[in-house]
Amino acid sequence: MSETLRVLILCTANSARSQMGEGLLRELAGGRVDVFSAGAKPASVNPYATRVMRLRGIDISAQSSEHIDQYLAQPFDYVITVCDNAAESCPVFPGAARRIHWSFPDPAAVKGDDEAVLAAFITVRAGLEAQLRAWLESLDIQD
């Protein structure tokens, strides 16, 4: 595949799962995918998301939480939802956007000490990475 794909990753708050997915996809695709993330109710990027991505060697500290409305008029090849709420409320995108849904639990909802919350974020990050790697392989896009 020689053409650069445009991918939008959605989650309700655009603070953790979609932010990690954006950073991972950017890294894994090695410049062959233009990736963005957004949410219906954007919040700031969760510090644990930034922390676990840094542990993975990916810096997402410059990413920001965006509202889905700013992307409605833009064409995307794929729209990936990473939480059930976003899948249910995702608007229709113009053009040929193919919808993909991967359900990941919200690591920010985990209650407990620093170690428990960090472990939840690491688990979700690993799941996202495995899913993205398999998807990129199916599209014959690997770094």
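**Exercise 1. What span should the 25 residues of helix H4 have at 1.5 Å a residue, and how far apart are its end C-alpha atoms?**

*Solution.* The structure is a predicted model.

Step 1. Helix H4 comprises residues 114-138, which is 25 residues. The expected span is 1.5 Å times one less than the number of residues, so helix H4 should span 36 Å.

Step 2. The end C-alpha atoms of H4 are 36 Å apart, which agrees with the expected span.

Step 3. Just after H4, Asp140 adopts a positive phi of about 65 degrees.

**Exercise 2. Identify the buried residues of H4 and the elements against which they pack.**

*Solution.*

Step 1. Buried means under 20% relative accessible area. The residues of H4 that are buried include Val117, Leu118, Phe121, Leu128 and Trp135. Arg125 and Glu129 are also among them.

Step 2. The buried residues of H4 pack against four strands, namely S1 (5-10), S2, S3 (78-81) and S4 (98-101). They also pack against helices H1 (17-29) and H2 (47-55).

**Exercise 3. Establish the strand order of the sheet and describe how S1 is paired.**

*Solution.*

Step 1. The open sheet consists of four strands in the order S2-S1-S3-S4, with parallel pairing. S2 and S4 are the edge strands, each pairing on one side only. From one strand to the next, the twist averages 20 degrees.

Step 2. S1 is joined to S3 by four bridges, and the two strands run parallel. Within this pair, Ile9 has Ile80 of S3 as its bridge partner. H1 packs on the sheet, where it touches S1 and S2, and the direction of H1 makes about 175 degrees with that of S2.

Step 3. S1 also pairs with S2, in the parallel sense, over six bridges. Here Leu5 has Val33 of S2 as its bridge partner. The chain passes from S1 through H1 to S2 in a β-α-β crossover that is right-handed.

**Exercise 4. Determine whether Ser37 is buried or exposed, and list the side chains with which its own side chain makes polar contacts.**

*Solution.*

Step 1. Ser37 lies in strand S2 (residues 33-38).

Step 2. The relative accessible area of Ser37 is 2%. The cut-off for a buried residue is under 20%; therefore Ser37 is buried.

Step 3. The side chain of Ser37 makes a polar contact of 2.9 Å with that of Asn14 and another of 2.6 Å with that of Glu22.

Step 4. Beyond its neighbours within four places in sequence, Ser37 is in contact with several residues, including Leu8, Ile9, Ser18, Gln19, Glu66 and Tyr71.

Methods: Residues numbered from 1 in each chain as written. Predicted model: local features only at pLDDT ≥ 70, side-chain atom pairs only at ≥ 80, totals over all residues. Heavy atoms only, no water. Buried < 20%, exposed > 50% of the residue type's maximum accessible area, 1.4 Å probe, protein only. Polar contact = N/O pair within 3.5 Å; in protein donor to acceptor, adjacent residues only side chain to side chain. Contact = heavy atoms within 4.5 Å. Pairing = 2+ DSSP bridges. Axes fitted to C-alpha atoms, helices over the stretch in contact; angles between N-to-C directions. Right-handed = clockwise from strand over helix to strand, strands pointing away.
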